[in-house]
Amino acid sequence: MDILKGLPKPFFVLAPMDDVTDTVFRQVVAESAAPDLFFTEFANVDGLMSPGRPKLLKKLQFVPNETRLVAQLWGLKPENFKAIASQIADGSMARELGLPEGCNFVGVDLNMGCPAKSEVQNGACSALIKRENRQLADDIIEATREGLAGRLPLSVKTRLGFSEIDMSWFEFLLGKRLDMLTVHARTRKEMSKVPAHWEYFGKVSELRAQLAPETLLVGNGDILTKEQGRELADQYGLDGIMIGRGIFHDPLVFAAESSRGSYTPEQKIALYTKHVKLFTDTWKEGERPVYTLNKFCKTYINGFDGAKELREQMMAANSTAELIEILTASTVAAR
Ligand SMILES: Cc1cc2nc3c(=O)[nH]c(=O)nc-3n(C[C@H](O)[C@H](O)[C@H](O)COP(=O)(O)O)c2cc1C
């Protein structure tokens, strides 16, 4: 079943964020206030097709009750995209990850937007937006499509351009019969340093109507509430809204009604405790170092006297056991 066809309008998506949206955080979000769709962190197909595969599987790890999860891939070699897409579509990747029969990803997304130097200098991710790399972008899309063989939807997540806003990129992408296209409204050059250019969605949306009315269009960049996302989706005729860093400001950002400020410090500490415990139970072999949890500290530990000092203490913790100890003591402080 193509899950994308049954989504509400607008639908809301938790953005893929490396070292953030692992299965642990996705489960915490899903249990608190779930979006309509989740993405994995980006997983490198070239690495997955190399002897380094076992170490990279953590990027795709999920649990059976994650039933709305799109696998995001990046890399350089079309043949590796084809192979991994095929393993995802036939369920063998999910079996390798330990999932029972019947549990699988609901789609495959291609990362054509990551701005990081290490990826871009090799010609991957946002470098695929450059005109001189268009043939490679085309080969990657076609190879992935071949691998999927119609078994799962195919989508792309990208930016408005590489150095400059480039509508030819969207003419190209919208000619590729994608099931979904997510656009982070900045160029690669802008990284995340300027406000997102939502005004360009007028043009992208117009191109979508002309060239690919069947492709779902998702807007992304600086959205902090569902209300704000709904307004922009309405204004620009978008099907979906993706929220990334907004989740750091409000772990309940996907709740039905705006919940900002409705969470007490104690509730937030309890949520972080749950997060850390699940992290401990999930990444037993040290697959993810404890410092990766630091990104979440401010999300949960705020809004009471002594929160700043507590965060500093937590950032210095060397183990999850130490974190739990601090969290247990802090419940008292937050009262
Ligand atoms: C820590 C972090 C990691 C990210 N990792 C990815 C990634 O793996 N794949 C991807 O497509 N985008 C990634 N992004 C970009 C986000 O998905 C999103 O496009 C960007 O943050 C803008 O949306 P926002 O303003 O709602 O955060 C990452 C962003 C952040 C902050």
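Start by selecting Arg177, which you will find in the loop between helix H8 (167-173) and strand E6 (180-187). Check its backbone while you are there: phi of Arg177 is near 50°, a positive value in a residue other than glycine. Keep in mind as you go that this is a predicted model.

Next, move to another backbone detail and select Lys9 together with Pro10. The peptide bond joining Lys9 and Pro10 is cis, with omega at about -5°. To place Pro10 in the fold, look at the segment before strand E1 (11-14).

Now for the ligand. Select it and show the pocket surface: the ligand sits in the largest pocket. Then bring up its surroundings, a set of 15 residues, of which the closest are Pro16, Asn220, Asp222, Gly244 and Arg245. If you colour this shell by class, you should get five nonpolar, six polar and four charged residues.

With the shell on screen, add distances for three polar contacts:

- Asn111: an N or O atom in its side chain is 3.2 Å from a nitrogen atom of the ligand.
- Lys157: here an N or O atom of the side chain lies 2.8 Å from an oxygen atom of the ligand.
- Gly244: this time the partner is a polar backbone atom, 2.8 Å from an oxygen atom of the ligand.

How much of the ligand's area does the protein bury? The ligand taken alone exposes 610 Å², and 83% of that is buried by the protein.

For the last stop, leave the ligand and display the aromatic side chains. The structure holds eight aromatic pairs, and one of them makes a good close-up: select Phe25 and Phe296. Why is this pair called tilted? The ring centres of Phe25 and Phe296 are 4.7 Å apart and the planes meet at 50°, so the pair falls in the tilted class, which covers angles that are neither under 30 degrees nor over 60.

Zoom out a little to see what the two rings connect. Phe25 belongs to helix H1 (residues 23-32), while Phe296 is in the loop between helix H12 (265-282) and helix H13 (297-300), so the pair ties together parts that are 271 residues apart in sequence.

Key. Residues are numbered from 1 along each chain as its sequence is written. This is a predicted model: local features need pLDDT of at least 70, side-chain atom pairs count only at pLDDT 80 or more; totals for chains, interfaces and linings use all residues. Side-chain values use heavy atoms; hydrogens and water are left out. A residue is near a molecule or strand if one of its heavy atoms lies within 4 Å of it. A polar contact is a pair of N or O atoms within 3.5 Å; within protein, one must be able to donate a hydrogen and the other to accept it, and residues adjacent in sequence count only if both atoms are side-chain atoms. Accessible areas come from the Shrake-Rupley method with a 1.4 Å probe; for residues, only the protein chains shown count as cover. On a 1 Å grid over the protein atoms alone, a cavity is a set of points where a 1.4 Å probe fits but cannot get out, and a pocket is an open set with protein on both sides within 12 Å along at least five of seven lines; lining residues have an atom within 4 Å of a point. A molecule sits in a cavity or pocket if more than half of its atoms lie within 2 Å of its grid points. Ala, Val, Leu, Ile, Met, Phe, Trp, Tyr, Cys and Pro count as nonpolar, Asp, Glu, Lys and Arg as charged, and the others, Gly among them, as polar. Rings of Phe, Tyr and Trp (its six-membered ring) pair if their centres lie within 6.5 Å; planes under 30 degrees apart count as stacked, over 60 as edge-to-face and the rest as tilted. Helices (H or I, at least four residues) and strands (E, at least two) are DSSP runs, numbered from the N terminus.
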